[in-house]
Amino acid sequence: MRAVLCRAWGPIDNLTIEDVPTPVPGAGEILIAVKATAVNYADALMVAGQYQTKPALPFSPGLETAGLVAACGPGVSRFKPGDRVMAILAYGGFAEMAIAPETEVFAIPDGMSWDEAGAFPVAYISSDVAIRWQGRLEAGETLLVLGAAGGVGLTAVEIGKAMGARVIAAASTPEKLAVAREHGADDLVNYATEKLTERVMALTHDKGADVCFDPVGGDLFDAALSSLGWGGRILLVGFVAGIPKIPANRLLVKHRSALGSSLRYFRWHAPDKLRRSVDALMTWYAEGKLEPCISHRLPLEKSVDAIRLLTDRKAFGKVVVTMDTR
């Protein structure tokens with residue numbers, strides 16, 4: 001099979017495409033014939049050796065995938081060869097075949113394309129577990145979403161609306177904000193031209209947001225924290241603009257909370273909650289409340305270009321690497 005390989009830590013330009021042996025599923029594992037795999041910022045971090053975990057070299061990046069079940073290891077009971085599935089991966093999605101544990105493989109609902117399925121698991125499940133279990137968002141509350149046109153940002157907008165919240169989408173360009181509006185945002189903030197805190201306070205009549213979904217970090221964190229009202233919760237789900245320092249005194253005086261959420265660890269420690277999140281997401285998809293946004297589709301040979309589109313912030317929604325879907 002063909003696979004994108006990382007043989008040494010470094011820039012994504014060092015990735016190569018090679019023929020490698022097809023992996024064999026072990027106990028409780030499923031071998032997936034890949035049809036589509038989405039790009040995540042973590043792919044570049046993992047290749048650089050800067051991610052939370054370091055796979056043994058060589059390895060293929062790719063944290064999610066969709067395809068057909070090719071084979072099942074001993075003990076697998078929920079799936080059989082030929083089933084259409086999507087999966088969360090430790091790594092390995094940029095390949096014609098990928099291995100995933102059965103517990104992190106999910107049936108693709110009727111009507112969902114390969115591209116949508118390949119782009120679905122990481123972004124939607126990450127956003128839902130953060131907003132549902134950490135943010136405890138309730139119907140009628142206000143959700144502020146930073147990076148609202150990004151891969152996880154757009155899913156947070158849709159999930160917030162599905163939960164019955166008022167959603168304020170914040171992004172850096174009118175084009176990105178237009179995409180967020182198309183996916184259900186009630187109000188928009190351009191933080192490149194407007195002061196985030198002032199605009200959010202004006203939109204909420206000085207009450208502030210109840211929950212902030214922050215996949216950006218960096219300098220925006222301070223303004224986002226100030227945008228929260230009493231009892232507000234800020235969800236830290238990524239740091240593409242840098243890791244901020246959290247002023248503990250500002251949490252105390254307004255009864256605020258700063259909460260981290262990482263799907264990589266959540267799925268190991270709370271599998272029952274993960275399943276409940278997935279069930280809710282599938283119901284919303286069937287109801288037409290979730291519409292995966294894919295701005296670019298590239299073949300496996302263009303995997304480096306696909307990752308670069310994301311790291312250079314030239315994409316909105318998700319970038320997908322596709323295989324032969326005959």
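Q: In which sense do E3 and E6 pair, antiparallel or parallel?
A: This is a predicted model, so let us begin with two of its strands. Glu 29 stands opposite Pro 101 in E6. Over five bridges, the sense in which E3 and E6 pair is antiparallel.

Q: Which residues of strand E6 (residues 97-101) form its covered face?
A: In a regular strand the side chains alternate between the two faces of the sheet. In E6, Met 97, Ile 99 and Pro 101 make up the uncovered face. The covered face is left to Ala 98 and Ala 100.

Q: Which element gives the most to the lining of the second largest pocket?
A: This pocket has a volume of about 330 Å³, and the closest to its centre of its 21 lining residues are Pro 23, Ser 60, Tyr 91, Gly 92 and Ile 99. The elements that give two or more residues to the lining are strand E1 (2-5) and E6. With five residues, the one that gives the most is E6.

Q: How many residues in the lining of the second largest pocket are nonpolar?
A: The lining holds 21 residues. Two of the lining residues are polar and three are charged. The nonpolar ones number 16.

Q: How much space lies in the largest pocket?
A: Here 48 residues form the lining, and Tyr 41, Pro 215, Val 237, Gly 238 and Val 240 are the closest to the centre. The lining divides into 27 nonpolar, 16 polar and five charged residues. The space in this largest pocket is about 1300 Å³.

Q: Which elements do the buried residues of H1 pack against?
A: Helix H1 (residues 41-48) is among the elements that give two or more residues to the lining of the largest pocket. Its buried residues are Ala 42, Asp 43, Ala 44, Met 46 and Val 47. These buried residues pack against strand E3 (29-38), helix H9 (263-269) and helix H11 (303-311).

Q: Which residue just after H1 takes a positive phi?
A: Look just past the end of H1, where the phi is about 80 degrees. The residue with this positive phi is Gly 49.

Q: Which helix gives the most to the lining of the largest cavity?
A: Rolling a probe the size of a water molecule over the atoms shows where empty space is left. There is one cavity of 30 Å³ or more, and about 70 Å³ of space lies in the largest cavity. Its lining includes Gly 151, Leu 154, Thr 155 and Glu 158. With four residues, the helix that gives the most is H4 (residues 151-162).

Q: How many residues in the lining of the largest cavity are charged?
A: Besides H4's share, the lining includes Ala 119, Tyr 124, His 183, Glu 291 and Lys 318. Five of the lining residues are nonpolar and four are polar. The charged ones number three.

Q: Which helix gives the largest share of the largest nonpolar core?
A: This core has 47 residues, and Met 86, Phe 120, Ile 125, Ile 131 and Leu 143 touch the most other members. Six of the core's residues come from one helix, and that largest share belongs to H10 (residues 271-286).

Q: Which residues is Ile 125 in contact with, leaving aside its neighbours within four places in sequence?
A: Ile 125 is one of the core members that touch the most others. Its contacts are Ile 88, Phe 106, Phe 120, Leu 263, Leu 274, Val 278 and Leu 281.

Q: How many residues are in the second, separate core?
A: Among the members of this core are Ile 12, Leu 63, Val 122 and Leu 310. The number of residues in the second core is 37.

Definitions and conventions. Residues are numbered from 1 along each chain as its sequence is written. Side-chain values use heavy atoms; hydrogens and water are left out. A nonpolar core is a set of buried Ala, Val, Leu, Ile, Met, Phe, Trp, Tyr and Cys residues joined through side-chain atoms within 4.5 Å. Buried means under 20% relative accessible area, exposed over 50%, partly exposed in between (1.4 Å probe, protein chains only). Contact means heavy atoms within 4.5 Å. On a 1 Å grid over the protein atoms alone, a cavity is a set of points where a 1.4 Å probe fits but cannot get out, and a pocket is an open set with protein on both sides within 12 Å along at least five of seven lines; lining residues have an atom within 4 Å of a point. Grid points are joined across faces, edges and corners, and a volume is the space filled by probe spheres set on the points. Ala, Val, Leu, Ile, Met, Phe, Trp, Tyr, Cys and Pro count as nonpolar, Asp, Glu, Lys and Arg as charged, and the others, Gly among them, as polar. Two strands pair if DSSP finds at least two bridges between them.
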